[in-house]
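Visitor: Could you take me through this model one question at a time?

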Amino acid sequence: MTLTVDEAVPFALPLSRRFRGTTLREGVLVRVGDRWGEWAPFPEYDDVTAARWLRAALEQARGDWPDAVRSSVPVNAIVPALDPAEVGALVLDAVQVDGCTTIKVKVGEPGQVFAADVARIAEVRAVLDACGAAEALIRVDVNGAWTVEEAAERLVVLADVALGLEYAEQPCTTLAELADLRTRIDVPVAVDEGVRLAGELSDPALDAVRDAADVVILKAIPLGGVRRALELAERIGRPVTVSGSLDSSVGLAAGLALAGALPDLGHACGLGTGRLLAADLTARTLLPEDGRLSVVRLAPDPDRLASAAALLADDRRGWWAARLDRCLAVLEEGTA
Ligand SMILES: O=C(O)CCC(=O)C1=CC=C[C@@H](O)[C@@H]1C(=O)O
Ligand SMILES: [Mg+2]
């Protein structure tokens, strides 16, 4: 694997709404030859985890992706942990402008009470009913915030308010908790962090994932690249949902390449995050049309990349450069 990069441009993109506790998405575009890959591991990740994201960025910059078996993929809209008053317009746009028929709603946000989750889901349900999209699916993402008891009680309430949930993504932290939860409720359980942060998955580790999951969330970049994620999909033997990592429209191509190459794609993909970007690295932002994204690969626009590079604070530029050097060394040692 190529472990040198010809150019690395640290950048910052403002978000249109707070997501995952931030309003600024930082990362680095890496160039190998004339192609670019996106490397934007979240700041709190250790170097081994961040090096897996780098493996994915280098795969992208080498252009080494499998052939697609479809030219477009269905995507879900994403509703951050907002007040109900802000949710309505977002859901309306998702349905009427983007044509999405699956809505993913963040719940269990640190610092918020469960009543806020109930109110958010009730608002999503009401807007879907009011705009003629009553058949749309609602899924929730808890990011591991609840105990088994909390999840068992709360998901029944949310499923009631939503008039059914497609699934609940990572309601509890551990795979053992999720496996336990699955025996207690009818709402299907999807595993995200339990796979995304696990590193290499041995066969016994995969058994534990299967016990915990009705659906497995596959994110191409955190899993170390499109080819690795595809291999995992083959081994896992569970329905999968492809989701993104809050990427720019350069990085979104990795998720699209994975979703485009999977033999079976039963669920809408979590690649509808373009709406969360207030600026992008490409001339156009990848937004769903008729609820779908084309399987494309966009190159960065030089002016937009320069603006995003200029937005990053000087000390952050140095931080990213040092992190990149360390993660290249991790990949060279072969430990990621
Ligand atoms: O899956 C989606 O619809 C959007 C992507 C998304 O939710 C996430 C992207 C990036 C970081 C994660 O905290 C979050 C997730 O937990 O799935
Ligand atoms: Mg998730």
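Visitor: How many bridges join strand β2 to β3?
Guide: Helices (H or I, at least four residues) and strands (E, at least two) are DSSP runs numbered from the N terminus, and two strands pair if DSSP finds at least two bridges between them. Strand β2 covers residues 22-32 and runs antiparallel to β3. V28 stands opposite W39 in β3. The bridges that join β2 to β3 number five.

Visitor: Before we go on, what kind of model is this?
Guide: Residues are numbered from 1 along each chain as its sequence is written, with chains lettered from A and ligands numbered from 1 in the order written. Local features need pLDDT of at least 70, side-chain atom pairs count only at pLDDT 80 or more, and totals for chains, interfaces and linings use all residues, since this is a predicted model.

Visitor: Which residue of β2 does P10 stand opposite?
Guide: Strands β1 and β2 run antiparallel and are joined by nine bridges. One of the facing pairs sets P14 against its bridge partner L24 in β2. For P10, the residue standing opposite in β2 is V28.

Visitor: Which strands stand at the edges of the sheet in the order β1-β2-β3?
Guide: These three strands form an open sheet with antiparallel pairing. Each edge strand has a single partner, so one side of each is left without a neighbour in the sheet. The edge strands are β1 (7-19) and β3 (35-39).

Visitor: What is the average twist from one strand to the next there?
Guide: Angles run from 0 to 180 degrees between N-to-C directions, along axes fitted as lines to C-alpha atoms (for helices, over the stretch in contact). In the sheet of β1, β2 and β3, the twist averages 30 degrees.

Visitor: What angle does helix α11 make with β1?
Guide: Contact here puts two residues' C-beta atoms, placed from the backbone, within 7 Å. Helix α10 (residues 302-311) packs on the sheet and touches β1 and β2, its direction making about 80 degrees with that of β1. Helix α11 (residues 314-333) also packs on the sheet, touching β1 and β2. Its angle with the direction of β1 is about 120 degrees.

Visitor: Which residue takes a positive phi in the hairpin of β2 and β3?
Guide: The hairpin of β1 and β2 has two residues between its strands, and R20 takes a positive phi near 55 degrees. The hairpin of β2 and β3 has two residues between the strands as well. There, the residue with a positive phi, near 65 degrees, is G33.

Visitor: Which are the edge strands of the seven-stranded sheet?
Guide: This open sheet follows the order β5-β6-β7-β8-β9-β10-β11, with parallel pairing. Inside it, β9 (residues 189-191) and β10 (residues 215-219) pair over two bridges, and A190 stands opposite V215 in β10. Pairing on one side only are the edge strands β5 (77-79) and β11 (240-243).

Visitor: Which helix lies across β10 and β11?
Guide: Helix α3 (residues 114-130) lies across β5, β6 (102-106) and β7 (137-141), running at about 165 degrees to β6. Another helix, residues 226-236, runs at about 170 degrees to β10. The helix lying across β10 and β11 is α8.

Visitor: How far apart are the axes of α5 and α7?
Guide: Helix α5 (residues 175-182) and helix α7 (residues 203-212) pack at an angle of about 35 degrees. In α5, L175, L178, A179 and R182 meet A208, V209, D211 and A212 of α7. The distance between the two axes is 7 Å.

Visitor: What is the largest C-alpha distance among the residues of the annotated binding site?
Guide: An unreviewed UniProt entry annotates D141, E169 and D192 as "binding site"; UniProt positions follow the numbering used here, feature names are shortened, and annotations may be inferred rather than shown by experiment. D141 lies in strand β7. Although the three are spread over 52 residues of sequence, they cluster in space, with a largest C-alpha distance of 9.1 Å.
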